[in-house]
Each structure stands twice: as C-alpha cells, then as structure tokens.
Amino acid sequence: MKKLLKEPLVHFLLIGALLFLVYGMVNTEKDETEIAIDDNLINELAAKWELKRSRQPTLAEINGMVEKYIEQEILYREALAMNLDHNDEIVKRRLAQKMEFISDGLAESLQPTEEVLKDYYEKHKENFQKDPIYTLQHVYFSNDKRTDAVADATNALVAESPESLGDNISLPNQYTDASAFLIARDYGSAFANSLDALETGKWSGPITSGFGVHIVNVQEKKAAGYYTFKEVLEKVTIDYNFDASNTFKTELINTFLKNYSILVDVSDATLKKSLDEKY
C-alpha cells in the first residue's frame with residue numbers, strides 16, 4: 001500500500017478527481033444571470049489578442065472584445081436554457097474534447113522520477129531493442145524491365161542459381177553484419193522490415209522495395225541487444241508519459257462512471273449481455 005501511494009500517477013488521479021469534484025461544486029452554485037468582467041478575463045482577452053496580432057490591444061479594442069464576450073455569454077446561456085445543446089453531436093464532441101484536454105494537462109504535469117522511468121524501461125525493454133544485424137544476399141527484379149517481376153522472382157526461388165537471374169542495380173546486392181537501419185537507408189523500411197520474418201540459409205520472397213521486387217537469402221541474423229537506459233532516456237520519458245496519460249484518462253472516466261447508471265435497452269441479446277457485463 002505504501003508503495004502504491006508513492007506512485008506519481010496515483011497522486012494525480014486523486015488530484016484530478018478532487019479538481020473535477022470542486023469544479024462541479026463551484027459551478028452548481030454559480031448565478032447564471034451574472035456575467036463577471038474582471039482582471040483575469042481582461043488579461044486573458046488581451047493575451048489572446050497579443051498572441052494573434054503581436055501587439056497589445058488599445059482601450060477601444062479591449063472594449064470591443066468585452067462587448068463580444070458579453071454577447072457570446074448571453075447567447076450561450078440562452079442556448080443552454082433552451083436545451084439547444086441536447087443531442088447535438090458537435091457540442092457533445094467538443095465538450096468531451098475539452099474534458100480530455102483537462103485530463104491530458106494533468107497527466108502531462110506528472111514528473112516521473114528516475115526510479116519510475118527505470119522501472120518502466122525494464123518492464124518495456126522490448127521497445128528499446130537495437131536493430132538486428134544481417135548478413136544477406138538479394139536478387140533484384142525490375143518492374144520496369146519485366147512484364148511480371150513478381151512471377152519471375154517466384155520462379156527464381158526454385159532455380160539452381162537464383163543470383164544469376166536478376167537485374168542490375170547500383171545499390172549493394174549483399175550485406176555483411178549490416179543493421180536493419182543501414183539496409184533501410186538503401187532499400188527502404190518496407191524491405192528492411194520484411195527481413196525479420198525470413199528463414200535463414202535459404203532463398204525467400206518475393207519481397208518488395210521502392211525499386212521493385214527481390215528474393216533474399218538471409219545467411220545470418222544476430223540480435224544486437226538493447227539500448228541502455230541512458231541512451232534512450234528521452235524515448236522512455238515520452239513513452240511513459242503517453243502511457244500514463246492514457247491510464248490517467250481511463251481511471252478518471254472509471255471514477256466518473258461510478259456516478260452514473262447505464263441503462264441498456266437493446267434488442268440484440270448478445271450485445272445486451274456484453275454491455276450489461278461491462279457496465
């Protein structure tokens with residue numbers, strides 16, 4: 001339990017839930033017939049003006065912005081009073097998006113310790129593998145020079161000397177202890193990404209690149225190990241924050257969900273059972 005309470009994400013889940021609770025309590029007591037014009041509003045309007053126009057607004061321009069703000073508030077509140085927001089998909093989507101922005105903002109303010117990041121790195125180490133090292137030979141078949149390069153490449157797989165059946169290309173046709181990154185630099189990521197699934201010691205394919213069609217003989221494939229924590233610290237931090245943000249959002253929604261009753265009334269029995277079990 002003590003370890004759980006030390007987790008930064010737990011702290012922010014509690015803070016987030018408290019923030020939304022307080023926000024809801026404050027807003028229920030708000031007098032909807034009052035429109036407050038205070039220094040905070042003026043500073044906000046002026047800041048938006050300066051950001052857009054690269055200069056501070058004049059007094060007349062501030063007056064114009066305040067007038068526009070009051071008009072917008074009146075029309076917005078009257079629209080709510082007339083229930084014009086109900087069953088409007090655009091309004092629903094926009095409000096849900098704003099809630100997501102608040103959630104994301106809270107999650108982004110989370111500052112994980114080095115200990116937390118190291119733990120994340122160890123648990124997701126497969127995401128920080130170095131590219132495999134390949135020794136291979138390939139034969140190239142040009143789409144421009146052949147009627148059916150794929151068929152020719154397929155037939156070459158069972159030929160006695162496949163390496164003699166291809167077309168010339170200015171790039172290397174064999175690599176020794178080359179990383180997937182280096183091979184991708186020459187033939188593209190689609191070609192390099194296909195290599196991992198090929199058997200070693202035999203001709204395989206066809207696989208494609210931006211140049212055409214290839215058959216490949218992967219003679220050796222070696223694992224290159226993992227990047228150290230320090231080498232990928234920036235990526236570890238980005239990945240952790242992304243996962244933490246999604247977890248925070250999910251937990252926050254689940255917290256709010258406890259305040260709602262989901263009434264499922266659908267004719268499809270299988271769907272109804274699935275939804276009833278979920279909610």
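In the predicted model, Asp239 is buried, with a relative accessible area of 19%. This value falls below the limit of 20% under which a residue is called buried. Asp239 forms a salt bridge with Lys235, and the closest N and O atoms of the pair are 3.2 Å apart. Both residues belong to helix α10; because they are four residues apart there, about one helical turn separates them. Lys235 is partly exposed, its relative accessible area being 39%.

Elsewhere, salt bridges with shared partners join Arg146, Asp152 and Asp167 into one network. Within this network, the side chains of Arg146 and Asp167 meet at 2.8 Å, N to O. The pair links distant parts of the chain, with Arg146 in the loop between β1 and α7 (149–156) and Asp167 in the loop between α7 and β2, 21 residues apart. Asp167 counts as buried, at 18% relative accessibility. A further salt bridge is formed by the side chains of Lys222 and Asp177, at 3.1 Å from N to O. This pair also connects distant parts of the chain: Lys222 lies in strand β4 and Asp177 in strand β2, 45 residues apart. Lys222 is partly exposed at 33% relative accessibility, and Asp177 is partly exposed at 43%. In the whole structure, a search finds eleven salt bridges.

The secondary structure of the protein consists of eleven helices and four strands. An open sheet of four strands follows the order β2-β1-β4-β3, and its pairing is antiparallel. The edges are taken by β2 (174–179) and β3 (203–208); each has a single partner strand, so one side of each has no neighbour in the sheet. On average, neighbouring strands of this sheet are turned by 35° against each other, direction ignored.

Four bridges connect strand β1 (residues 133–142) with β2 in the antiparallel sense. Among them, Tyr134 has Ala178 of β2 as its bridge partner. Strands β3 and β4 likewise run antiparallel and are joined by four bridges. Thr208 stands opposite Val213 in β4, and a hairpin of three residues leads from β3 to β4. Helix α8 (residues 180–187) lies across β1, β2 and β4 (212–222), and runs at about 130° to β2.

Gly212 is located in strand β4. With 2% relative accessibility, Gly212 counts as buried. Leaving aside residues up to four places away in sequence, Gly212 touches Tyr140, Phe141, Asn143 and Ile207. Along the chain, Gly212 and Asn143 are 69 residues apart, yet their C-alpha atoms are separated by 5.5 Å.

A nonpolar patch on the surface is formed by Leu257, Tyr260, Ile262 and Tyr279, which together have about 420 Å² of accessible area. One of these residues, Ile262, is found in the loop between α10 (233–257) and α11 (269–278). Ile262 is partly exposed, with a relative accessible area of 40%. Residues of such patches must have over 30% relative accessible area.

For the protein as a whole, 26% of the 279 residues count as buried. The exposed area is about 19900 Å², of which carbon and sulfur atoms supply 53%. Of the contacts between residues at least 6 apart in sequence, 69% join residues at least 24 apart.

Conventions: Residues numbered from 1 in each chain as written. Predicted model: local features only at pLDDT ≥ 70, side-chain atom pairs only at ≥ 80, totals over all residues. Heavy atoms only, no water. Patch = residues over 30% accessible without salt bridge, like charges linked within 9 Å, V, L, I, M, F, W, Y side chains within 5 Å. Areas by Shrake-Rupley, 256 points an atom, 1.4 Å probe, with all protein chains shown as cover. Salt bridge = Lys/Arg side-chain N within 4 Å of Asp/Glu carboxyl O. Helix = DSSP H or I, 4+ residues; strand = E, 2+ residues; numbered from the N terminus. Buried < 20%, exposed > 50% of the residue type's maximum accessible area, 1.4 Å probe, protein only. Pairing = 2+ DSSP bridges. Axes fitted to C-alpha atoms, helices over the stretch in contact; angles between N-to-C directions. Contact = heavy atoms within 4.5 Å.
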